Amino acid sequence: MGKIKVTKVKSAINRTKNQKLVLEALGLKKMGQTVEHNDTPNILGMVNKVKHLVSVEETK
């Protein structure tokens, strides 16, 4: 199982409540903040919901 780094690159202002909750569940609060998660279907689904607000890179 791989890992991914998720970085918040855009603001959540004027976004839906669901998108804000997904960002919070991923652990992203501030702009530029990076978190590392396992590459699971649940996490990938969450990232897909907010793909326009985050950048994703794979790590080993």
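Colleague: Let's start with asparagine 14: is it buried or exposed?
Modeller: Asparagine 14 sits in the loop between strand 1 and helix 1; helices (H or I, at least four residues) and strands (E, at least two) are DSSP runs, numbered from the N terminus. Now the cut-offs: buried means under 20% relative accessible area, exposed over 50%, and partly exposed in between, using a 1.4 Å probe and protein chains only. The relative accessible area of asparagine 14 is 75%, so the label is exposed.

Colleague: Before we go on, what kind of model is this?
Modeller: Residues are numbered from 1 along each chain as its sequence is written, and side-chain values use heavy atoms, with hydrogens and water left out. Local features need pLDDT of at least 70, side-chain atom pairs count only at pLDDT 80 or more, and totals for chains, interfaces and linings use all residues, the model being predicted.

Colleague: Back to asparagine 14, then. What is its phi near?
Modeller: Asparagine 14 is a residue other than glycine, and its phi is positive. The value is near 65°.

Colleague: On to the strands. What is their order in the open sheet?
Modeller: Strands of a sheet pair through backbone hydrogen bonds, either parallel or antiparallel. Here, two strands pair if DSSP finds at least two bridges between them. Five bridges join strand 1 to strand 2 (residues 34-38), while six join strand 1 to strand 3 (residues 54-59). The pairing is antiparallel, and the order of the three strands is 2-1-3.

Colleague: Which strands stand at the edges of that sheet?
Modeller: In the order 2-1-3, look for a strand with a single partner strand. One side of such a strand is left without a neighbour in the sheet, so the edges belong to strand 2 and strand 3.

Colleague: Which residue in strand 2 stands opposite valine 6?
Modeller: Look at the bridge partners of strand 1 residues: lysine 3 has asparagine 38 in strand 2, and valine 6 has valine 56 in strand 3. Opposite valine 6 in strand 2 is valine 35.

Colleague: Which residues of strand 2 form the uncovered face?
Modeller: Strand 2 has two faces, and the covered one holds Val35 and His37. The uncovered face is Thr34, Glu36 and Asn38.

Colleague: Which side chain makes a polar contact with the side chain of threonine 7?
Modeller: Threonine 7 lies in strand 1 (residues 3-8), and its 18% relative accessibility is why it counts as buried. A polar contact is a pair of N or O atoms within 3.5 Å; within protein, one must be able to donate a hydrogen and the other to accept it, and residues adjacent in sequence count only if both atoms are side-chain atoms. At 2.9 Å, the partner is the side chain of threonine 34.

Colleague: Which residues does glutamine 19 touch, not counting those up to four places away in sequence?
Modeller: Glutamine 19 has its place in helix 1, and with a relative accessible area of 17% it is buried. Contact means heavy atoms within 4.5 Å. By that rule, glutamine 19 touches Lys49, Val50 and His52.

Colleague: At what angle do helix 1 and helix 2 pack?
Modeller: Axes are lines fitted to C-alpha atoms, for helices over the stretch in contact, and angles run from 0 to 180 degrees between N-to-C directions. Among the residues that meet are Val22 in helix 1 and Met46 in helix 2. The axes of helix 1 (residues 17-26) and helix 2 are 9 Å apart, and the angle is about 135°.

Colleague: So what does that make helix 1 to helix 2?
Modeller: Angles under 35 degrees count as roughly parallel, over 145 as roughly antiparallel, 65 to 115 as roughly perpendicular and the rest as oblique. That makes helix 1, relative to helix 2, oblique.

Colleague: How far apart are the C-alpha atoms of asparagine 42 and isoleucine 13?
Modeller: Asparagine 42 lies in helix 2, and it is exposed, with a relative accessible area of 61%. Asparagine 42 and isoleucine 13 are 29 residues apart along the chain, and their C-alpha atoms are separated by 24 Å.
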